[in-house]
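Biologist: Before we look at the model together, could you take me through how to read a few of its features, beginning with burial and aromatic rings?

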Amino acid sequence: MLIQAVPQWQGARTPRAGDLPAGCRALSAFAAEVLDVPVREVRLAAGGAPVADGIANREALLDNKKRHAEALADGPVLTVGGDCAADLVPVAAARARHGERFGVLWFDAHADLNTPASSPSGAFHGMVLRSLLGDGDPAFAAAPALEPGRAVLVGARAFDPAERDEIEAGRVRLVPGEPSRIVAEVRDAGIERLYVHVDLDVLDPSEFAGMDYPEPDGMSVTQLVHGLRALAEFEVVGAGVTECVSGKREELAILAPVLHTIGELLR
């Protein structure tokens, strides 16, 4: 097992986006201690740019995508971001490797289902799941794409209109955080192999202060751990933890049970 640190910030347009690289490195180092595994950092582009074709920092993100693909490790990998788009490359690679019955479990306060045409901000971290479904900017769209209905969104509570349309159309399944509901939805989706994405904003801000894009009424750490543990019956082929902006060990320590549980799933 390996931790791959992807300190990308260009996908976010939040007030604390500039803290994402430092948060990524701090969380990666802490996860390495918790799981007793090595860390490998992907060297990314440093700069940014205005919105182009509906995406902020588009050229830097494309450069990062290429660098990440070239550095992608084999075997069980925990990807630590950076913004949510740190999971674009590993999820797309897993879909290509494991076939159409591969799926993702997306723990996130936000649906990440916009396209460049629908996004109110141009922030690509709000488009990444839609890109994995094969939509949006062709330079980012996964090919092969996730099969409709094989993305399960957990804990989301902030939606743009285009995102609600995708959910209502059944292309993405939306479930609350109860373990039994999560397991039932994954089974019903016919998913055989699973990637688990955890955006830390799925947690309530009172639980963890070091998230990039806080939303009220989130999950507790205990609820998140129980939701993750329920996935033990499935084959988890990869995982990601994203959107950390904290470098404080006392804050990161709150996440130790989450990291332990993800490590157990990957092993």
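Modeller: In this predicted model, Phe124 has a relative accessible area of 1%, and since buried means under 20% on that scale, Phe124 counts as buried. Phe140 is likewise buried, with a relative accessible area of 2%.

Biologist: How is a pair of aromatic rings described, and how many aromatic pairs does the structure hold?

Modeller: In general, a pair of aromatic rings is described by the distance of the centres and the angle of the planes. The structure holds one such pair, formed by Phe124 and Phe140, which is tilted, with 4.5 Å centre to centre and 40 degrees between the planes. Phe124 lies in the loop between strand 6 (102-107) and helix 4 (128-132), while Phe140 lies in the loop between helix 4 and strand 7 (151-154), so the pair ties together parts that are 16 residues apart in sequence.

Biologist: Why is helix 9 largely enclosed by the rest of the structure?

Modeller: As general background, an α-helix has 3.6 residues a turn, so residues three or four places apart point the same way. In helix 9 (residues 256-266), eight of the eleven residues are buried, so the helix is largely enclosed by the rest of the structure. Among these buried residues are Val258, Leu259, Ile262 and Leu266, and the buried residues of helix 9 pack against elements including helix 1 (20-35), strand 5 (77-81) and strand 10 (235-242).

Biologist: What percentage of the 267 residues of the protein count as buried?

Modeller: Of the 267 residues, 60% count as buried.

Conventions: Residues are numbered from 1 along each chain as its sequence is written. This is a predicted model: local features need pLDDT of at least 70, side-chain atom pairs count only at pLDDT 80 or more; totals for chains, interfaces and linings use all residues. Side-chain values use heavy atoms; hydrogens and water are left out. Buried means under 20% relative accessible area, exposed over 50%, partly exposed in between (1.4 Å probe, protein chains only). Helices (H or I, at least four residues) and strands (E, at least two) are DSSP runs, numbered from the N terminus. Contact means heavy atoms within 4.5 Å. Rings of Phe, Tyr and Trp (its six-membered ring) pair if their centres lie within 6.5 Å; planes under 30 degrees apart count as stacked, over 60 as edge-to-face and the rest as tilted.
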